[in-house]
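Colleague: I would like a close look at one part of this model, taken slowly and with the contacts spelled out.
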Amino acid sequence: MSSSNSPAEPGAGAVPPVDVDRELLAALARDGRASYTDLAERVGLSVSAVHQRVRRLEQRGLITGYHATVDAKALGLPLTAFVSITPIDVAQPDDAPARLAHLSAIEACHSVAGMESYILKVRVASPDALEGLLQDIRAAANVTTRTTVVLSTFYEDRPPL
């Protein structure tokens, strides 16, 4: 295992982080706004050492960004669904993600193996809004859809550490 003191070589595969780096990654995944002082206390290093390690983790591509978690229900988008899409014409170009990018109700687009080509995670205000979105998806990407409505979510966006 490579030391976190040396960055990964350009073009090399991802280098697994060492234990302290894993602790930092887990802490930042839970709270991206944690201060370097808080992080230093959690992992038992100086603030400057933590700052350097976090910067190296960013440079190595293990930290790809920071974001705010938004409450979709509070924004008036209480209905979550997964929409599986399959091209109507298999000879058509595989460009559904580009054709659907303008639809802001689509939160995620995953290419999948199986019967469907993609699975979309969508958030909308109501069943009527979902019905309209499904029509928009079908028209924009020339696909058939199969939809699963989420009743409740126990956890999501969990860090992989």
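How many salt bridges does a search of the whole structure find, and which residues in H1 and H2 meet H3?

Modeller: Bearing in mind that this is a predicted model, a search of the whole structure finds eight salt bridges, and one of them leads straight to the part you ask about. Asp21 forms a salt bridge with Arg53, with 2.8 Å between the closest N and O atoms; since Asp21 lies in helix H1 (residues 19-30) and Arg53 in helix H3, the pair ties together parts that are 32 residues apart in sequence.

Two packed helices are described by the angle between their axes and the distance between the axes. For H1 and H3 the angle is about 80° and the axes are 11 Å apart, which makes H1 roughly perpendicular to H3. On the H1 side the contact is formed by Val20, Asp21, Leu24, Leu25 and Leu28, which meet Val50, Arg53, Val54 and Leu57 in H3, and the residues of this contact divide into seven nonpolar, no polar and two charged.

Helix H3 (residues 47-59) also packs with helix H2 (residues 36-43), their axes coming within 8 Å and crossing at roughly 100°, so that H2 is roughly perpendicular to H3. Here Tyr36, Thr37, Leu39, Ala40 and Val43 of H2 meet Val47, Val50, His51 and Val54 of H3, and the residues of this contact divide into seven nonpolar, two polar and no charged. Val50 and Val54 of H3 thus appear in the contact with H1 and also in the contact with H2.

Conventions
Residues numbered from 1 in each chain as written. Predicted model: local features only at pLDDT ≥ 70, side-chain atom pairs only at ≥ 80, totals over all residues. Heavy atoms only, no water. Axes fitted to C-alpha atoms, helices over the stretch in contact; angles between N-to-C directions. Helix = DSSP H or I, 4+ residues; strand = E, 2+ residues; numbered from the N terminus. Parallel < 35°, antiparallel > 145°, perpendicular 65-115°, else oblique. Contact = heavy atoms within 4.5 Å. Nonpolar A, V, L, I, M, F, W, Y, C, P; charged D, E, K, R; others polar. Salt bridge = Lys/Arg side-chain N within 4 Å of Asp/Glu carboxyl O.
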